[in-house]
Amino acid sequence: MKSMNNVTNLLSSCLGALLLLGCNNESIVSLSEHSVIYCAEGSPETFNPQLVTSGTTIDATSNQLYDRLIAYKGKENKLVPALAKSWHVTRDGKKVTFYLRKNVAFHQTEYFTPSRFLNADDVMFSFNRILDSQHPFHWVSGGNYPFFQNIGLNDLIEDVEKINEYTVRFHLSHADSSFLANLATDFAIILSAEYAQQLMQQKVKANIDTFPIGTGPFKLKEYRVGSLIRFYRHEQYWQPPAQIEQLVYDITPSNTGRLTKLLAKECDVTAYPIAHEKITQHKDLTLEAVTALNVGYFGFNVNKPPFDNKLVRQAVSYAINKQVLLDAVYQGKAELANSLLPKTSWAYNENVQEQEFNPILAKSLLEVAGYAQGFSMDLWAMPVQRPYNPNAITMAKLIQADLKNIGIKVTIVSYEWNAFLHRLQLGEHQSFLLGWSADHPDPDNFFSPMLSCSATQTGSNTTFWCNQEYDDIIQKALQTTNTKVRKKHYAQAMKILAQEVPLIPIAHSKRYQARGNNVTGQVLAPFGGINFYPVAKNGVLQNNRIIESDDDDFDEVEHHNDSDTEVGEN
Amino acid sequence: MLIFTLRRLSLFIFTMILLTVLSFSLSFLFPGDALVNMSGAINATPAQLTNLQQSYQTQSNIFWQYIVYLEHIINGNLGISMASQSDIGKEILSLLPATIELSLAALFVAMLIGIPLGFIAAIKHNKATDNIILSVSMLGYSIPVFWLGLLAILTFSITLGWFPSAGKISLLFEIELITGIQFIDILLSDSPYKWQAFSDATAHIILPAFVVAMAPATIFIRLARTSMIEVLETSYIKAANAKGLTFQQIIFRHAIRNALIKIIRHVGLQFANLITIAMVTEVIFSWPGIGRWLIESIYHRDYTAIQSGLLVLSCFIFVVHIFTDFIYAALNPLARGK
Amino acid sequence: MARDKIYLEEVFPSPFMQHWQIFRKTPVAMAGFSCFIFLIVLAIFGPILAPHSPVEGQLDMLLLPPAWHADGNVSYLLGTDELGRDMLSRLMYGTSLTFGLSFVVVITSLIVGVVIGSLSALTTGLKSSFLNHFLDVILSIPSLLLAIIIVAILGPGINNTVWAVVMVLIPQFIHITRYAVKEESRKDYVLASRLDGASKFRILYYSIFPNIVDRIMSQATLAQSAAILDIATLGFLGLGAQIPLPEWGATLANGLDLFYIAPWTVYLPGLAILFAVVATNLVGEGIRHALKLRKDR
């Protein structure tokens, strides 16, 4: 059957060229053998991940175009060297020194030809752009660096010092156990200072974020808004070059469109596939899933009545049948969430009580709160599919039915995605369905950006819930590296959340991806964006790439914490 | 012919004025500020706004504003898109050719299928063949095009795997946009994969072209049938018959030519119909044409894009209309007097 | 008040009745006509007859296939969608939206169009010439495109769709009425009643209308099939009926995401549209056929 299809395929494709030339299949095969088409769910907002938190943009940029100083590796998410071949943290945790790799080349493209390799200036430039509001590039593209503002990098980093051409030292105001984890995220990428210099001279500073230059395994060739992104392999990559020559992002927002293209073999890999059964039944396709660190939740705007009342929030949390939501929205393929943290996180506390479904208790809580007759509210449902919530509108309809039982009338509201986020940040909503995908495995990445007081300012905490006790606890948890102590603090924080209910965690879901069987290599990661570097096609066998250190003095440097002496130049 | 030309010219000018007035008044009818709707500058600073006010002369009276608006259009300045902030003129220039390409391919298919079938039906008038052709054509005329497109994708792309389901060429081929008409661009390009690209593009256009062609083909069947029946009843056919020509000779030498002329007249009207069907089909086959772009602009409430897109599209349809009128007049001297 | 016939009189049926006599002898046309009547009945009584609610779903009955399928359930004859909503009920409600609304749309635009058309047929000179030009331009734009344009101006929604289609169809009725009235006016019997001193409107009402009503009916069926397709297409494109309205085109678009796991959510609304359009077109064909036969007599 398959060979039949191939024959007809061949026939039909030859039909057009028949009159002009015979079929020359060899070259077309070689073209597709060295190329991968990825069906992406949306267009990136920019080509600089420093500027965003959106998963779509990260997927299209971070791992493809750029590198970070350090990276995550393996199942335990250990920190390993990347652009920095080693690093060193002083005992007080206040000075962090990075020793850069030599001979790392930037992309050579139609718009830029590098004259030198990566050095300390590039690192300085990349971080100073974020930290220093006087920096000539700080206000280019709006001056918003949401990830870094959420984690308070401005207050944390006092100074970035260039020790020599290949050594950079960060001076911190206090010890922060998540600092290294934050530097390994998809946001902390290294830009080219030389390219920035060139753009300054040409007076087109904004190009730094639209015509990107990085050190990553692929370089940008072409971008057609809303249609495609074309990458070519970076031949002078500091690791062995990628196996595929061409990487194309086919931007297909329609869920069915992406599946159709996958089934018709027009894409090799597709993001967020629907109809999982159809893919698993198909013999040429593979459905992959990673347990992503995320949480989908139902949040309240605590600034708006009646949700300023803790009892009302508790009542609503008792009235929702999460199991039904899980079955209908996630097709039972997600884990029921009892707290912000997924069970896979090391800080998860087994003693967190399970939220029970109890409409009678809910009703009586409402009576105590003075809403015996119920009330009407609006519920904002996000318009797009994200890993933590594949179908918010459906979920909203189900919640609507649940809440009707305790006398609450729900109106469902939805806007176009960017407008939706913008209006949430303005606080126009009463309650909303949203979620959070972790940027790195540190548990703080759930607690701080989602619910801290400072996050109400940067717009990532749209419940506007601000609790001093909670803030103190998560601050304390950051000031130590002792995981046992941290775990205790986080357990306490979760207890407060269970009492206060600024949001109702609903599910921890997997992130799905589907691909043709001829594509090999790990693309998905449990957190952060996808990575096409290890991908190859047509089953050409790959030896597992290991990040090699080109210098002998590399060993597990992160354990040097016990020495107080600073390692000087190497 | 001169009078004919003058008449068409006056109709053309009349229509252009009507269309531009309509388009101009749209910027006032749409919600929001007329100037912003016209220019698309939603994030303009006060200084830029003053500049725009100057450029569009919003202080002067409405008639003068219209003249200035015309001037902008003639200079190719259609404003910028509210959604993507890119130049609409350029966007349309890259999208319109794709729609034309698809519509032309579909027109070709529709004529190639519809006209011979119509002739056959006419020759077998009131026989079983005629009835079958008419029934099938009614079915083809009744089927919703978006549903047909979906069924075509399911059958030919997924089950059989014969044709691709989306786009106008595999994205692996890097073809530079020169004319916007894919096939010409491919021939002009110096890609080493030129001929593969060409056959790939052919495979991509077949499915959408047939789907678009379905409804117009049924109309061509009816047109061809009616005009052939009429021709067969004329006296010159009877004369040819009396001369002793065989049936085949009559059909091929006399009837087809005369029947065709009558059909050509309708091609212009059908082209407009085709473009509309193509707009819907573009959405289903992700064809990067102006229809899909326009419908997306409606979703995004991108008023500048809607306004300019409609103007360009309707002008284009009208120009084609007049153009086919001329061809008809050139072929058929009798029509010039009308 | 019935009057007994005292003596034998040859009955001359009205043109409309003559037409009906021919029409009902064509089996295919009658089949189409019965389907058409069926759809009208369904459009009126569908909401009463529907077994389930079209908007509220049964959460334990998600994505149920139609009853003839092995996993089907007889109480959900045509299966359910992703929210457990009964497809049959959705289609029945959809009949009043897609088919019923298009019927209302056609009647409305027919009345407006015929009134304007017959009035304009009585005018001559510059006004008439301007109208001619104007109609030429409007009619050269395909109805769907015009509907899209109008919806683009008014904004998406079912109400705006209805207005758009009404506005699109009116010029067609104006055109056909105007043309038919002008043609009829040239005939001798009209001249006769004019010589009798009948007023313009009297001629129009008593002499011309009975003779052009079949042509207008024929145009109405064309308009009806165009209206169904336009409303459904706009619904499909998301420019017409908005969720959760069970309009056929919108239901089909809603089923798109389920195309590969629950294909009936796409097949059924599509078939419903096809059925309605075919029924309408059969009636239209029947009328045109009768028209031709009556002329040939």
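This report walks through a predicted model, starting with chain B and then turning to one helix and one strand of chain A.

## Chain B overall

Chain B is helices and nothing else as far as regular elements go: 13 helices and zero strands. Reading from the N terminus, then, you simply meet one α after another. The C-alpha atoms fill a box of roughly 85 × 55 × 40 Å along the principal axes.

Of the 338 residues in chain B, 44% count as buried. If you look at contacts with a separation of 6 or more, 69% of those in chain B come from residues 24 or more positions apart.

## Where α5 meets α12 in chain B

Two packed helices are described by the angle between their axes and the distance between the axes. For helix α5 (residues 88–123) and helix α12 (residues 290–300) of chain B, that works out at about 125 degrees, with the axes 7 Å apart. That angle makes α5(B) oblique to α12(B).

On the α5(B) side, the contact is made by Ile92(B), Leu95(B), Leu96(B) and Thr99(B), and α12(B) brings Ile290(B), Gly291(B) and Trp293(B). Sorted by class, the contact has five nonpolar and two polar residues, with no charged ones.

## Helix α15 in chain A

Over in chain A, helix α15 covers residues 392–404, and its length checks out: 13 residues at 1.5 Å each should span 18 Å, and the end C-alpha atoms are indeed 18 Å apart.

Its buried residues are Ala392(A), Met395(A), Ala396(A), Lys397(A), Leu398(A), Ile399(A), Asp402(A) and Leu403(A). So what covers them? The cover includes the strands β13 (294–300), β15 (375–381), β16 (408–413) and β17 (431–437) of chain A, along with the helices α12 (310–319) and α13 (322–329) of that chain.

## Strand β18 and its partners

Strand β18 (residues 503–516) of chain A is largely enclosed by the rest of the structure, because twelve of its 14 residues are buried.

Which way does β12 (residues 285–291) of chain A run against β18(A), parallel or antiparallel? The two pair in the antiparallel sense, over seven bridges, and Glu288(A) has Gln513(A) as its bridge partner in β18(A). Strand β11 (residues 269–271) of chain A is also antiparallel to β18(A), joined by three bridges; here Ala271(A) stands opposite Gln513(A).

β13(A) pairs with β18(A) in the antiparallel sense over four bridges, with Tyr297(A) partnered by Pro505(A). Strand β14 (residues 334–336) of chain A is another antiparallel partner of β18(A), with three bridges, and Glu335(A) is matched with His508(A).

Technical notes:
Residues numbered from 1 in each chain as written. Chains lettered and ligands numbered in written order. Predicted model: local features only at pLDDT ≥ 70, side-chain atom pairs only at ≥ 80, totals over all residues. Buried ≥ 20, exposed ≤ 12 C-beta atoms within 10 Å, placed from the backbone. Contact = placed C-beta atoms within 7 Å. Axes fitted to C-alpha atoms, helices over the stretch in contact; angles between N-to-C directions. Parallel < 35°, antiparallel > 145°, perpendicular 65-115°, else oblique. Nonpolar A, V, L, I, M, F, W, Y, C, P; charged D, E, K, R; others polar. Expected span 1.5 Å × (residues − 1). Pairing = 2+ DSSP bridges.
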